[in-house]
Amino acid sequence: MWGNIAGFVLRFRLLLLTLLIAATAFMGYHASKVQLSYEFARAVPIDNPKYVAYQNFKKTFGEDGNLLVIGVQTDKLFDQDIFNDYVALNNKLKKITGVESVLSVPYAVNLVKKIKEDSSQTLMAVPVFRNANLSQQETDSSKKVFFNLIFYRGLLYNAQTNTYLIAVNVNRDIMASARRTITVKAINDAGDEFGSKHNIEMHYSGLPFIRTNMAVKIANEMKVFLVSSILLSALILLLFFRSFSTMFLSLAVVLIGVIWSLGTMDLFGYKITLLSGVIPPLVVVIGIPNCIYFLNKFHTSYNETRDKTKALYEMIRKMGIVTLFCNITAAIGFGVFALTKSAILNEFGVVAGINIMMLFFISFILIPGVLSYLPDPKEKHTRYLKNKWLTSVLNVLEKWTLNHQKTVYAVTAIVLVISVIGITKIKSEGFVVDDLPKTDRMYKDLKFFEANFRGVMPLEIVIDTKRKNGLRINPLQTFDKIDQLSKYIEAKPNLAKPLSIVEGLKFVRQAYYEGDSSSYGLPNQFDISFLAAYLNTKPNDSSNKKNNFLKLVNSFIDSNKQQTRISVNMMDVGTIKLPLILNDIEKKSAQLFDSSKYKIVFTGSSVTYLEGSNFIIKGLQQSILYAFILIAICMLYLFKSLRILLCSLIPNMIPLVITAGVMGWVGVSLKPSTVLVFSIALGIAIDITIRFLVNYKQELANGKADQKQTVINTIHTTGISIIYTSLVLIAGFGIFCFSGFGGTKALGWLTSLTLIMATLTNLIFLPTLLITLGKKKQNA
């Protein structure tokens, strides 16, 4: 069959090349339209209860992740010149396109009594600081009023550390588009201008800031890694084949593959995420081995026949099925992620799986077609086939296979035992920003806010009274329970001061009693009439449209007066501590709120992140099992032998166990970015096994040598291309070690380690295993 296919490819090469170019032009058009994702990709399916709860929360109360925070630490903020410039900074921030509101010290309001025309009293929100150039005396006077307002303690400032915070709320639509980069940069520039003028270090954080900067880093890294992988591949190919035409041909294969991968993203409506951003460089790294194996076979056949046409025919006939199954197994390693319900993994699996398969067709059409029009290879182009250094390496491998079989098994057993012990030390833990190095400014600034304001990660607690106007039924009892829960939360070291309707009522009560700070507390039964009047206040009334305080407080109650929420910022505590913290708060809420009257829901970005992280890890663990089963089926179909199937799987399971053991010993946590390694490495490493075993079966079928000699011949005939291919793959994945993201870095060095182990096991352990099983078969 493959002989007929070879004849077809060579006979219609011009037509096939034309169709390939036309298809690539079409994919190139779509590749030019692919966009970056500026949101954290959805990790959980839409029917997941946590995801549904979060969507319901957003419908009722709005987004919880659009707040960008700016922090300063100085004991001179209220000096006249600095404070006036600080006021100007806030005014400038408010005018930036996309900024909806700013909450800060200069914009703080106080509630004061006002006598209405009918002689009744009401409370009016007035600015604490006048929005104008203030004298030092006026600044000091307003400062005294501000520090008397307990509502703002822990919210806008930390008196113990002289730290002050500006909370900038950014428009939701802006945050979901490319315009967010411009908005966040403008906020950054405005803050840095103030900081540089007064020699004050500025700190930035919040989900909008983290998302935007991570998206920019992804885009920049993708370009750098793509260029680096191409240049590295070009260098290796040039050193290997000593031919510029061969080098450019191979680069053409992978560049077309990159175009197809980006075009596929746009055709499926996907955007470039932190995960899918590594696909283009991966296409380069995985595509080069296809080229090496095809060209290696072409040069070997040409040396034997000195006929280019026959050499091309043999290249397609013998390497076609091998390369096809190699690409199938590699595609399985990536494509199994499409079987998970996680959107981010599904997108990665679909795009990577499809385009790895497309690499086969691209190389299968382009390489024979172009080679047929190029001049015959010269002697220098095939000189690598007689590389003395590689020959000596292969001779050493031969000696180990023939003379040290017991040592090979003993060393393998010892390494596996040590690795299994290491596996028991692996812990599963992830953080929102643990992919960033600890020296990164984004990471440092997050830790700054954690140290001074106990974090910026949103946690939302929804209290549902299960009936319309339920908050008006015995409101003091409900608010007292909320207050008890809030105090319990605030006592936790990893959680910031909770913000709820209760804090607003305390502020109102303080104002009602002439601003006395000792009156900052929950209204009691003697204040019930005042409380009822507050609950009847509507932020959309004309008299209250400009009352930012009432708008803020009323955002904590739904329109039906049935639900209210407690908003808490928390530290990035990781996926181990977060469930413990949530369980603790859930137990306390269960003690306070009767489940027959109240429904308590924990949601927000922190909860969905935890659920997503756990969901991804479970999905990845399943994907490894799927990959193993599907690859085993492919191997069984290809070789039609249980003995060969066993020989193919064992040498590829050993590197995975060793890599997992190394992770345990060096303290690499099991998280989405590291679990990803195993399926990918299995799919790629099995390629080496396929090429070795196919060549072994072809040699064995010739009947020119016994089983042992056939194994030795296979080491020498496939060893050179296997070593060169492994070097390309290891070097290609090694590029990711220079990433600014911990996950991408781990993907690089862990995959490289797995491939090194896979090369050794396939060139030492696999031949040894074949000889051992061959002896047993003969004895039987």
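**Burial, salt bridges and patches**

User: What makes aspartate 192 count as partly exposed?

Analyst: In this predicted model, aspartate 192 has a relative accessibility of 29%. Buried means under 20% and exposed means over 50%, so aspartate 192, at 29%, counts as partly exposed.

User: How do you know that aspartate 192 and arginine 441 form a salt bridge?

Analyst: The closest N and O atoms of aspartate 192 and arginine 441 are 3.7 Å apart. The cut-off is within 4 Å, so the pair qualifies as a salt bridge. Aspartate 192 lies in helix α7 (residues 179-198) and arginine 441 in helix α15 (residues 441-453), so the bridge ties together parts that are 249 residues apart in sequence. Arginine 441 has a relative accessible area of 41% and is therefore partly exposed.

User: How many salt bridges does a search of the whole structure find?

Analyst: The search finds 15. Side chains of opposite charge can pair when their charged atoms come close.

User: Why is the pair of arginine 317 and glutamate 314 called a salt bridge, and where does it lie?

Analyst: Here the closest N and O atoms are 3.0 Å apart; the limit is 4 Å, so the pair counts. Both residues belong to helix α11 (residues 308-335), where they are three residues apart, about one turn of the helix. Arginine 317 is partly exposed, with 32% relative accessibility.

User: What makes aspartate 483 and lysine 487 a salt bridge, and is aspartate 483 buried or exposed?

Analyst: Their closest N and O atoms are 3.5 Å apart, and a separation within 4 Å is required, so the bridge is accepted. The two residues are four apart in helix α16 (residues 475-490), which means a separation of about one helical turn. Aspartate 483 has 6% relative accessibility; that is under 20%, so aspartate 483 is buried. Through shared partners, salt bridges join Asp483, Lys487, Glu503 and Lys506 into one network.

User: Why is threonine 264 called buried?

Analyst: Threonine 264 has a relative accessibility of 4%. Buried requires under 20%, so the label applies. Threonine 264 is found in helix α9 (residues 244-267). Leaving aside neighbours within four places in sequence, its contacts are Met27, Val351 and Asn355.

User: What makes lysine 588 partly exposed, and which residues does it touch?

Analyst: Lysine 588 has 22% relative accessibility; buried stops under 20% and exposed starts over 50%, so lysine 588 is partly exposed. Lysine 588 sits in helix α20 (residues 574-592). Not counting residues up to four places away in sequence, lysine 588 touches Leu485 and Tyr488. Tyrosine 488 is 100 residues from lysine 588 along the chain, with the two C-alpha atoms separated by 8.1 Å.

User: How do you know that aspartate 79 can belong to a surface patch?

Analyst: Aspartate 79 has a relative accessible area of 35%. Patch residues need over 30% and no salt bridge, so aspartate 79 passes the area test. Asp75, Asp79, Asp81 and Asp140 gather in a patch of negative charge on the surface. Aspartate 79 lies in the loop between β1 (67-73) and α4 (80-95).

User: Which residues form the nonpolar surface patch?

Analyst: The members are Leu339, Leu625, Tyr626, Ile629, Leu630 and Ile633, with about 540 Å² of accessible area together. Leu, Ile and Tyr are on the list of nonpolar side chains, so these residues can be joined in such a patch. One of them, leucine 625, is found in helix α21 (residues 605-639).

Note on methods:
Residues numbered from 1 in each chain as written. Predicted model: local features only at pLDDT ≥ 70, side-chain atom pairs only at ≥ 80, totals over all residues. Heavy atoms only, no water. Patch = residues over 30% accessible without salt bridge, like charges linked within 9 Å, V, L, I, M, F, W, Y side chains within 5 Å. Areas by Shrake-Rupley, 256 points an atom, 1.4 Å probe, with all protein chains shown as cover. Lys, Arg positive; Asp, Glu negative; His and termini not counted. Charge placed at Lys NZ, Arg CZ, Asp CG, Glu CD. Buried < 20%, exposed > 50% of the residue type's maximum accessible area, 1.4 Å probe, protein only. Contact = heavy atoms within 4.5 Å.
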